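Hi,

Here is the structure I promised to pass on to you. Please have it open while you read, as my notes follow below.

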Amino acid sequence: MAKLPGGPLASRPLHFFWIADCSGSMSIDGKIQALNNAIREAIPHMRQVASENPNAQVLVRAITFSDGARWHVAQPEPVDEFRWNDLKAGGVTDMGKAMKMVAEQLSPEAMPARALPPVLVLISDGQPTDNFDNGLKSLMGEPWGRKSVRIAIAIGEDADLNVLQKFIGHPEFQPLRANNADSLVRYIRWASTEVLKSASSPSSQILDATQSTPTSNVPMPTAPDVTELDSANDVW
């Protein structure tokens, strides 16, 4: 087979962030363990998606928030090497701090201009206890923050849907409502596979952070229907 002019296409980094609520309420009804299980089960599917698109180098990180925010996986790890260690719940809900810490990693100095739009998946069951709006302002103040694909998953009935909608920042896309462990598994898998596919698709590769488009141009796939799962008895 003839070689492509100029050699093979170079892969472009695609940064994927889990942003996980570890406040005390996540310890109720097994929510934190359900989240651990859902992310762990999604990892092989993420690897499969990545293997099908060699032009994207998928790099995964995770940040948690409760009393403050801290990196659970601080360095960008290739998805083939990514391992999930269980989260533990306790404390308040300092979501704004997590937004600021993610924003720092999406600055032009931290992100290469040729990267693909990053994917941010926020998972929460409650309301922020710090200044969320200020944190979100920091995130959206970064070019890569504005161009990121932002997904929000609400766990249970007490999640603040208005806050999660602000994070998404798009009137046509709403927070995904996970009312039990089964629906959470399905949403987590969708976010880590179908959304990942879209973010690494050719249409998302035409822009970089130096271009003027203010928001992401990634086509959003249709979210899964979990209606039949929500009729289960073990609802949060």
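Right after helix H5 comes Gly169, which has a positive phi, near 70°. Please keep in mind that this is a predicted model. At the other end of H5, Asp160 acts as the N-terminal cap, with a side-chain oxygen 3.1 Å from the backbone nitrogen of Asn162.

Between those two ends, H5 covers residues 161-168, and its buried residues are Val163, Leu164, Phe167 and Ile168. Why do they sit on the same side of H5? Because the arc they cover around the axis is only 145°. What do the buried residues of H5 pack against? Their partners are two more helices, H2 (95-105) and H3 (132-140), together with the strands E1 (12-21), E4 (119-124) and E5.

Ile168 also turns up in the lining of the second largest pocket, so you may want to look there next. The volume of this pocket is about 180 Å³. Here is what lines it:

- From strand E5 (residues 149-155) come three residues, the largest share of the lining.
- Arg150, Ile151 and Ala152 are among the lining residues, as are Phe173, Gln174, Leu176 and Trp190.
- Met220, Pro221, Thr222 and Ala223 belong to the lining as well.
- By character, the lining splits into nine nonpolar residues, two polar ones and one charged.

Another spot I liked is Asn180, in the loop that links strand E6 (176-178) to helix H6 (181-199). Is Asn180 buried or exposed? With a relative accessibility of 0%, Asn180 counts as buried, since the cut-off is under 20%. The side chain of Asn180 comes within reach of two backbone nitrogens: that of Ser183 at 2.9 Å, and that of Asp182, which is 3.3 Å from a polar side-chain atom of Asn180.

Finally, the chain as a whole. There are seven helices and six strands, and along the sequence they are arranged as β-α-β-β-α-β-α-α-β-α-β-α-α. The chain has 236 residues, and 51% of them count as buried. Among contacts with a separation of 6 or more, 79% are between residues 24 or more positions apart.

Happy to talk any of this through.

Best wishes

Definitions and conventions: Residues are numbered from 1 along each chain as its sequence is written. This is a predicted model: local features need pLDDT of at least 70, side-chain atom pairs count only at pLDDT 80 or more; totals for chains, interfaces and linings use all residues. Side-chain values use heavy atoms; hydrogens and water are left out. On a 1 Å grid over the protein atoms alone, a cavity is a set of points where a 1.4 Å probe fits but cannot get out, and a pocket is an open set with protein on both sides within 12 Å along at least five of seven lines; lining residues have an atom within 4 Å of a point. Grid points are joined across faces, edges and corners, and a volume is the space filled by probe spheres set on the points. Helices (H or I, at least four residues) and strands (E, at least two) are DSSP runs, numbered from the N terminus. Ala, Val, Leu, Ile, Met, Phe, Trp, Tyr, Cys and Pro count as nonpolar, Asp, Glu, Lys and Arg as charged, and the others, Gly among them, as polar. Buried means under 20% relative accessible area, exposed over 50%, partly exposed in between (1.4 Å probe, protein chains only). The arc is that of the directions from the helix axis to the C-beta atoms. Contact means heavy atoms within 4.5 Å. A polar contact is a pair of N or O atoms within 3.5 Å; within protein, one must be able to donate a hydrogen and the other to accept it, and residues adjacent in sequence count only if both atoms are side-chain atoms.
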